[in-house]
Amino acid sequence: MVAELDGPARRHAEDAARFTALVESAGPGDWARPTPVAEWKALDVVEHLVRWPRGFLTGAGITLPDLDVAADPAAAWKQQVTDIQAILDAPAGRVLSNPHTGDKPVAEAIDQFYTADVWMHSWDLAKALGHEPDLGQERCASALEGMRAIEGLLRDSGQFGSAVPVPDDAPAQDRLMGFLGRDPTWRP
């Protein structure tokens, strides 16, 4: 069975394409550039988005081979996109079990955790490469509303830094990035 055209498979294809364009725009010297995440360089953003989901997917009985991101970030990223898209295009009723997220259909789990991460981290990579990212104001507003409802849980997870103060009338993307602990005015 092929996945629906208007769901997780489509969202991943679109968000991954945006991130791929950023990866392809990077020259060899760009991978050492700082990012809005203080501890990370541009290469670390790609490394993060390739490494963690491969471990996460073992909860659905899916084992993907390791990729050498440092050797060739663009090739590793493109393989990651191909691997994840193949799962989303034919999820085969698989369920992902994880002690932190519970049991979810694999396509739903990828969409909720991984594709959303690709979307948000595209802001980090764009900023590191000197581009002005546009994540879509409506999508940012919706994500921010959903995240505010579980702010304590998110902050307690250790995966989100302290919020950066942003004016209430700032664009939704700036408010979302501030919520995530990024300074919307950050420049490399």
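# Reading a predicted model, term by term

Q: How far apart do the end C-alpha atoms of residues 16-126 lie, and what share of the span is helix or strand?
A: In this predicted model, the C-alpha atoms at the two ends of residues 16-126 are 13 Å apart, and the span consists of 57% helix and 7% strand. An unreviewed UniProt entry lists residues 16-126 as "domain: Mycothiol-dependent maleylpyruvate isomerase metal-binding", an annotation that may be inferred rather than shown by experiment.

Q: What makes up the protein, and in which order do its helices and strands follow one another?
A: The protein has seven helices and two strands, and along the sequence they follow the pattern α-α-α-β-β-α-α-α-α.

Q: How do you know whether the radius of gyration of the protein agrees with that of a compact globule?
A: A compact globule with 188 residues would have a radius of gyration near 16 Å, and the protein has 16 Å, so the two agree. Taken along the principal axes, the C-alpha atoms fill a box of roughly 45 × 40 × 30 Å. Of the contacts with a separation of 6 or more, 64% are between residues 24 or more positions apart, and 44% of the 188 residues count as buried.

Q: Why is D15 called buried or exposed, and what is it in contact with?
A: The relative accessibility of D15 is 3%, and buried means under 20%, so D15 counts as buried. D15 is placed in helix α1, residues 8-25. Leaving aside neighbours within four places in sequence, D15 is in contact with T115, V118, W119 and R139, where contact means heavy atoms within 4.5 Å.

Q: What volume does the largest pocket have, and which residues are closest to its centre?
A: The volume of the largest pocket is about 1,200 Å³. It is lined by 33 residues, of which Q112, F113, L154, Q159 and F160 are the closest to the centre. The elements giving two or more residues to this lining are α2 (42-56), α4 (106-128), α5 (137-148) and α6 (151-156), and α4 gives the most, with nine residues.

Q: How do the residues of the lining of the largest pocket divide into nonpolar, polar and charged?
A: The lining of the largest pocket has 16 nonpolar, ten polar and seven charged residues.

Q: What makes helix α7 count as mostly covered, and what do its buried residues pack against?
A: Helix α7, residues 172-179, is mostly covered in that six of its eight residues are buried, namely A172, Q173, L176, M177, G178 and F179. These buried residues of α7 pack against α4, α5 and α6. After α7 comes G181, whose phi is positive, near 95°.

Q: Why is P184 called buried or exposed, and which residues does P184 touch?
A: P184 has a relative accessible area of 12%; the cut-off for buried is under 20%, and therefore P184 is buried. P184 lies in the segment after α7. Not counting residues up to four places away in sequence, P184 touches W123, K127, V166, D174, M177 and G178; among these, M177 and G178 are themselves buried residues of α7.

Q: How far apart are P184 and P53, in sequence and in space?
A: P184 and P53 are separated by 131 residues in sequence, and their C-alpha atoms are 26 Å apart in space.

Definitions and conventions: Residues numbered from 1 in each chain as written. Predicted model: local features only at pLDDT ≥ 70, side-chain atom pairs only at ≥ 80, totals over all residues. Heavy atoms only, no water. Helix = DSSP H or I, 4+ residues; strand = E, 2+ residues; numbered from the N terminus. Buried < 20%, exposed > 50% of the residue type's maximum accessible area, 1.4 Å probe, protein only. 1 Å grid on protein atoms, 1.4 Å probe; cavity = no way out; pocket = protein on both sides within 12 Å on 5 of 7 lines; lining within 4 Å. Points joined across faces, edges and corners; volume = space filled by probe spheres on them. Nonpolar A, V, L, I, M, F, W, Y, C, P; charged D, E, K, R; others polar. Rg over C-alpha atoms; globule rule 2.2 N^0.38 Å.
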